[in-house]
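Let's take a friendly walk through a protein model, one part at a time. Keep the picture open beside you as you read.

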Amino acid sequence: MSILTIRNCLDPVLRRKCGVIQNIDERLVTLSADMIETMYECVGVGLAANQVGESSQLIVVDMGFGTDKHDPVVIVNPVITASEDEEIDQEGCLSIPDIFADISRFKRVEAKGVDLNGKDVRYEVADYLARAFQHELDHLNGKLFWDMLSKVKRDILKRKFKKKIKEMKA
Ligand code: NI
């Protein structure tokens, strides 16, 4: 297993809609394992494949978030099939390091997809995990969390982010 490089929000791969996965092969299994390792290394709750440069509809999420155990799941071609109630909370993204904003999301969602064995899976999640699911699915559609904000707010965060990147390179 290896730690992958996380693409930042300036990378065009994060703006493209990811392709539907047609067959689950050995490469995808390895990618998933590496994504899980990378997610934990970066202390994230979820990761979308395009964040590591792979434009495919695959996410990993730590279902153990908020407990003392890691419980990573891999979902291939995930879709949100039901959602209810909304809630505003602070959100960040491994592709936009150190930038956070209050974002409104559904409080509960149901998501479906398949696992690495091609078996149908269904998850019902609430609160922060529901937020993570919505956030990662947005990634697969080429969307970033700050797209939910007004242009004025987004531009402020973008400037902050660009300044941060410059400092990191200096
Ligand atoms: Ni993200």
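## First, a word to know

A residue is called buried when its relative accessible area is under 20%. Please keep in mind that this is a predicted model.

## The nickel site

Which residues coordinate the nickel ion? Find C93, H135 and H139: C93 offers its SG atom, while H135 and H139 each use NE2, at 2.1 to 2.2 Å. Along the sequence, these donors follow the spacing C-x41-H-x3-H. C93 belongs to strand β3 (residues 72–93) and H135 to helix α2 (residues 127–140), so this pair ties together parts that lie 42 residues apart in sequence.

Are C93 and H135 buried or exposed? With the cut-off for buried set at under 20%, you can work this out yourself. H135 has a relative accessibility of 6%, so H135 counts as buried. C93 has a relative accessible area of 10%, and C93 is buried as well.

## Following the strands

Now trace the strands, starting with β2 (58–62). Strand β2 pairs with β3 in the antiparallel sense, over 5 bridges. To see one such partnership, look for V60, whose bridge partner in β3 is V74.

Strand β3 also runs antiparallel to β4 (residues 96–114), and 13 bridges join the two. Two places to look along this pairing are D89, which stands opposite I103 in β4, and E86, which stands opposite F106 in β4. How many residues sit between β3 and β4 in their hairpin? There are 2.

The next partner of β4 is β5 (residues 120–126), and these strands are antiparallel too, with 7 bridges. Here V109 has V125 of β5 as its bridge partner. β4 and β5 form a hairpin with 5 residues between them, and in the turn G118 has a positive phi of about 80°.

## The largest pocket

What is the volume of the largest pocket? The value is about 350 Å³. Its lining is made of 22 residues, and those nearest the centre are V45, G92, C93, L94 and Y128. You have already met C93 as a donor to the nickel ion.

Where does the lining come from? β3, β4 and α2 each supply at least two residues, and α2 gives the largest share, with 6 residues. Sorted by class, the lining has 11 nonpolar, 7 polar and 4 charged residues.

## The nonpolar core

In soluble globular proteins, nonpolar side chains tend to be buried together. In this model, the largest nonpolar core has 19 residues. I59, V61, M63, I75, Y123, V125 and F133 are the members that touch the most others. At least two residues of this core come from each of β2, β3, β4, β5 and α2. Which element gives the most? Helix α2 does, with 6 residues.

To finish, find V125 once more: V125 is the bridge partner of V109 and also one of the core members with the most contacts to other members.

Key:
Residues are numbered from 1 along each chain as its sequence is written. This is a predicted model: local features need pLDDT of at least 70, side-chain atom pairs count only at pLDDT 80 or more; totals for chains, interfaces and linings use all residues. Side-chain values use heavy atoms; hydrogens and water are left out. Donors are N, O and S atoms within 2.8 Å of the metal (3.2 Å for Na, K and Ca); water is not among the atoms, so sites may look incomplete. Helices (H or I, at least four residues) and strands (E, at least two) are DSSP runs, numbered from the N terminus. Buried means under 20% relative accessible area, exposed over 50%, partly exposed in between (1.4 Å probe, protein chains only). Two strands pair if DSSP finds at least two bridges between them. On a 1 Å grid over the protein atoms alone, a cavity is a set of points where a 1.4 Å probe fits but cannot get out, and a pocket is an open set with protein on both sides within 12 Å along at least five of seven lines; lining residues have an atom within 4 Å of a point. Grid points are joined across faces, edges and corners, and a volume is the space filled by probe spheres set on the points. Ala, Val, Leu, Ile, Met, Phe, Trp, Tyr, Cys and Pro count as nonpolar, Asp, Glu, Lys and Arg as charged, and the others, Gly among them, as polar. A nonpolar core is a set of buried Ala, Val, Leu, Ile, Met, Phe, Trp, Tyr and Cys residues joined through side-chain atoms within 4.5 Å.
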